[in-house]
Amino acid sequence: MAEQEILLVGRGLTKRYGGVTALSNVDFELRAGEVLGLVGPNGAGKTTLVDLISGAQPATAGELMLRGTKLTGPASRRARAGLARTFQYPQLALELSVRDNLLLGRAARRHATPWQMVVRAFAGALRPHAPADDAAIQEIADELGITGLDRLAGDLTLGEQRLVEVGRALGQDPLVLLLDEPFAGSDARGVEGIAEVIRTVQRRGHGVILVDHNVDLVASLVDRIMLLDRGQVAFNGDPRECLASPEMQRVYFGSDIDDETGEGTGDAPQAEVQDVRS
Amino acid sequence: MTVKTSTVQLRRSEPRSGLGGLILGAIAALLILLWVGSNGYKQTLVMSAVTYALIALGMYVPYLMAGSLSMAYSAYAGIGGYAVGLISTKTGLPMVVAWIIGPIVAAVLAVVLGLVTSRLSGFFLAAVTLLFGMAFTAFLIDAESITGGSGGLGNLRPLNLLGWTPTPYQMMVISVIIVCLTAFLLDRMRLSPWGVIVRTMRDAPRAVEAAGVRVPVLNLVALAIGAAIAAVGGALFTYTAGSITPETFTLNVVFLAIFMPLIGGSGTPWGAVAGAVIAVELTLNFPALETSGTLLLALGVLIILLVAPHGVIGYADKLRTRLWASLRKEPHGG
Amino acid sequence: MTDLQLWLSAVEMGCFFGMLALAYHLIYVGAGFFNFAIGPYAMMGGLCTSWLVITYDLGVWTAATISVIVTLILAIVTELGVVRPVQKRSGSGELPALVAVAAVLFAIQQLAGYVFGYPTLPGQSLATFGPVTIGDVTIQPSSVLMIVIAVVTFVVTAFWIRFTRTGRLLRAVGDSNHAAALLGLPVNRIRLIAFLVAGFIAALAGILFAPKAGVHSLSGLAWSLSGFLAMVVGGTGSVWAPLLGGMLLGLVEVFLPYYFGGQAHVYGMLVIALIFFAFKPQGLFVRTVRA
């Protein structure tokens, strides 16, 4: 396979606060068209890593490069550089409609500079409604299987809300899509919708970082998996190898002995992963 | 994917034109203007309503849309008023300039105050901005050489628009038109993508940042727009009243301006206007109630807060939706 | 700065602000929010007392008792009728509670104006004795009362918080509202007690302070802001912290106009608010969590 362009690089990413080291010296690489899975037990640092990448939290040490340029500054600057993300607990405007929540992703780039913000306020007063936006939002909604665009976001189920968040991120047409636990609470159709989005982003030559608890599901969708354990990278490589690896055993079950899982899809432990560790 | 249907709350998103509000508002405005006729007292009432409405509309963008309550609006209205006073008495510029300079100065001040208080919210922000309003009044009293001290400024030159000077009645009509236009434009702003982003900023600022919009900056823009609108109101009031003192726009005004959208309804800017009309009616025009009008208003606000948090318009709208639903006998979905 | 009379004035104001701040502190600890109606409670205490004395020729102590009771009723209504329902309905949002409290503040002011009229009424001293003279400083009886009773209030409150069951329950609720509810502590009852004690202290403060410069229906707003500021400056670390914050503001209130004229204390308050809110919102006395 030809070497794809490197989209996103993280080197030595560290996060410490109040005596706790959430992340320690994490390195990773994301290439164009690649999907990187991020797994690990609760408290391993998965969301912290996503926060460091997206700029929601400042890093204690380390650096990030997006397409060769340093990625710094507040989350909004990084978003404009080409990142988009969803959150572990959906951040939606619950009093607004699904359509309006999707609109945010698409309209944000037109409101980037202070000057734009002022001009757009008045432009909005003159012309509140753009058919181009409607068409784009409908396309995203169709892709994800979101219906009832005029419902209020607060009336949706958790799974539906996560879908809308993904739709919003998609509207930003990002270079790198960061999905933080998008599958929790979703039904089969929701999962398929998101999986389809991941494949579409890949085809466009962009990248995806996928965080989730469902290791089995993640492994089936990604090109590479990174296993985090207490803030450090325990494994970084092929998904199938990861599932069968001793690191996986150790991190999730705390021991290398009693290796029950054979090679292949790794059936028994994964599905119940949530129950075993705290 | 299960679709939840609630029977009464079949909430639909609204059409994006804002015309509905404008039509109703225009009709109401017309009725009010007819009611006033040439009665001088009624004209004063309308001007008071206009001023309150514009101050409340000024608070609409940062407070009701962006969710941050600044109480500095007496200062912004005062800036508009003193712009009229200063341009009239200290310069030879045409009076119309006051409606340009006043809002700009108010907007700049709002941005400065916003920068200084950028990390504050809720009670702290309210307290600091209240203190700022008091400090501004203190400044007006102290800076006697510029502002005329506690005596204020008076004896204003008449407006001269290309040779035409509007009569008091015409000035009132112009003011009412400005209020309607502002409410209409704010309504459309609210429905536009800009409005959606600002309203999302209120409940989910992390999402707005993650989408690429710098929240503190957008907040400042909202504050600036609000301050400018309030200044327009202050300027209009001062011009028609003929004078301004440090006591013209008191902190009382700010409280009333907060309560107006509450009374009228916070879903649309027209609620602020409706609330202003109701407030002025109660406090200034009910001879039977005399001084207790404001008290009734205060008690009314408390009742509305507890019983009908979406104000008069919201309540009426809820009743309308319920009526509609029962008339159409909507099936219970599942 | 050696003018003792000025220092006395500052201490007196400091005691007043300190008591208001203590009222804020108690409600913040017990109910978790800032009751901006504290100023109007104080105003009620002072104005009602004066009005009863002047209009109905009642004895000061009778009038004061009635006023305190009226204020306590207002405090109960604030908590049960307004704050609790609004907080229950809107959960964690700060804005509804803020607007509700602003409405209460406004309503009490209007109520006072309607019942007692709008002109400023002179305060009524709880006890009359000759002015005390120490050196070249003359202390009015009302000032003596203000300072002495303020200190007594703080001592009693400190004792109450540390040694009585209800007081310690109040601290427990303040440390963690959620945990307290889970533990089965009577959170609602404690909230109410906090409101009552705070209302009492505020009313008392208003009665004591009114003789200094009179009181009218709109006095409450400025007092609310001063009390809030004093509380924030002092911090939540100790029961005595509000007094410290009050004293600092008392100095500002008296010495700034002395040196800089006119309205300087208003600017001073604004600057202090900006500094403390932005940089040190925990105030001067920070409570450290025992590990």
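This is a dialogue on reading some features of a predicted model.

Me: Where do I start with chain A, and how many helices and strands does chain A have?

Reply: Start with the elements. In this predicted model, chain A has twelve helices and ten strands.

Me: What share of the residues of chain A counts as buried?

Reply: A residue is called buried when its relative accessible area is under 20%. Of the 278 residues in chain A, 56% meet that rule. As for the surface, chain A exposes about 11900 Å², and 51% of that is supplied by carbon and sulfur atoms.

Me: What do the contacts in chain A say about sequence separation?

Reply: Take the contacts in chain A with a separation of 6 or more; residues 24 or more positions apart account for 67% of them.

Me: How do I read the size of an interface, and what area do chain B and chain A bury between them?

Reply: Interface size is often stated as the accessible area that is lost when the parts come together. Here chain B and chain A bury about 3800 Å² between them, with 64% of it on carbon and sulfur atoms. Counted by residues, 34 of chain B are in contact with 48 of chain A.

Me: Which polar pairs and salt bridges does the interface of chain B and chain A have?

Reply: Seven residue pairs are in polar contact across the interface of chain B and chain A, both residues being at pLDDT 80 or more. The count of salt bridges between chain B and chain A is zero.

Me: Which elements of chain B give two or more residues to the side that touches chain A?

Reply: They are helix 7 (168–191), helix 8 (193–203), helix 9 (205–211) and helix 10 (215–241) of chain B. Helix 8 of chain B gives the most, with seven residues. By type, the residues on this side of chain B divide into 19 nonpolar, five polar and ten charged.

Me: Why is helix 3 of chain A described as largely enclosed?

Reply: Helix 3 of chain A spans residues 98–107, and nine of its ten residues are buried, so the rest of the structure largely encloses it. Among the buried residues are A:Val98, A:Arg99, A:Asp100 and A:Leu103. The cover includes helix 5 (131–144) and helix 6 (158–171) of chain A, and also helix 8 and helix 9 of chain B.

Me: Is a single residue read in that way too, and is C:Ser50 buried or exposed?

Reply: C:Ser50 is buried, with a relative accessible area of 0%. C:Ser50 lies in helix 2 (residues 38–56) of chain C. Leaving out residues up to four places away in sequence, C:Ser50 touches C:Leu121, C:Pro122, C:Gly123, C:Gln124 and C:Val215.

Me: How many salt bridges does the structure hold over all chains?

Reply: There are 24 over all chains. One of them joins the side chains of A:Arg224 and A:Glu34 at 3.1 Å, N to O. A:Arg224 is in strand 9 (residues 224–229) of chain A and A:Glu34 in the loop between strand 2 (20–31) and strand 3 (35–39), so the pair ties together parts 190 residues apart in sequence. A:Glu34 counts as buried at 11% relative accessibility.

Me: What about B:Glu209, and with which residue does B:Glu209 form a salt bridge?

Reply: The partner is B:Arg214, with the closest N and O atoms 2.7 Å apart. B:Glu209 is buried at 11% relative accessibility, whereas B:Arg214 is partly exposed at 29%.

Me: Which residues do shared salt-bridge partners join into one network?

Reply: The network holds A:Glu192, A:Glu196, A:Arg199 and A:Arg203. Within it, the side chains of A:Arg199 and A:Glu192 meet at 2.8 Å, N to O. A:Arg199 is partly exposed at 32% relative accessibility, and A:Glu192 is partly exposed at 43%.

How values were computed
Residues are numbered from 1 along each chain as its sequence is written. Chains are lettered from A and ligands numbered from 1 in the order in which they are written. This is a predicted model: local features need pLDDT of at least 70, side-chain atom pairs count only at pLDDT 80 or more; totals for chains, interfaces and linings use all residues. Side-chain values use heavy atoms; hydrogens and water are left out. Contact means heavy atoms within 4.5 Å. Buried area is the accessible area (1.4 Å probe) that two parts lose on being put together, summed over both. A salt bridge is a side-chain nitrogen of Lys or Arg within 4 Å of a carboxyl oxygen of Asp or Glu. A polar contact is a pair of N or O atoms within 3.5 Å; within protein, one must be able to donate a hydrogen and the other to accept it, and residues adjacent in sequence count only if both atoms are side-chain atoms. Helices (H or I, at least four residues) and strands (E, at least two) are DSSP runs, numbered from the N terminus. Ala, Val, Leu, Ile, Met, Phe, Trp, Tyr, Cys and Pro count as nonpolar, Asp, Glu, Lys and Arg as charged, and the others, Gly among them, as polar. Buried means under 20% relative accessible area, exposed over 50%, partly exposed in between (1.4 Å probe, protein chains only). Accessible areas come from the Shrake-Rupley method with a 1.4 Å probe; for residues, only the protein chains shown count as cover.
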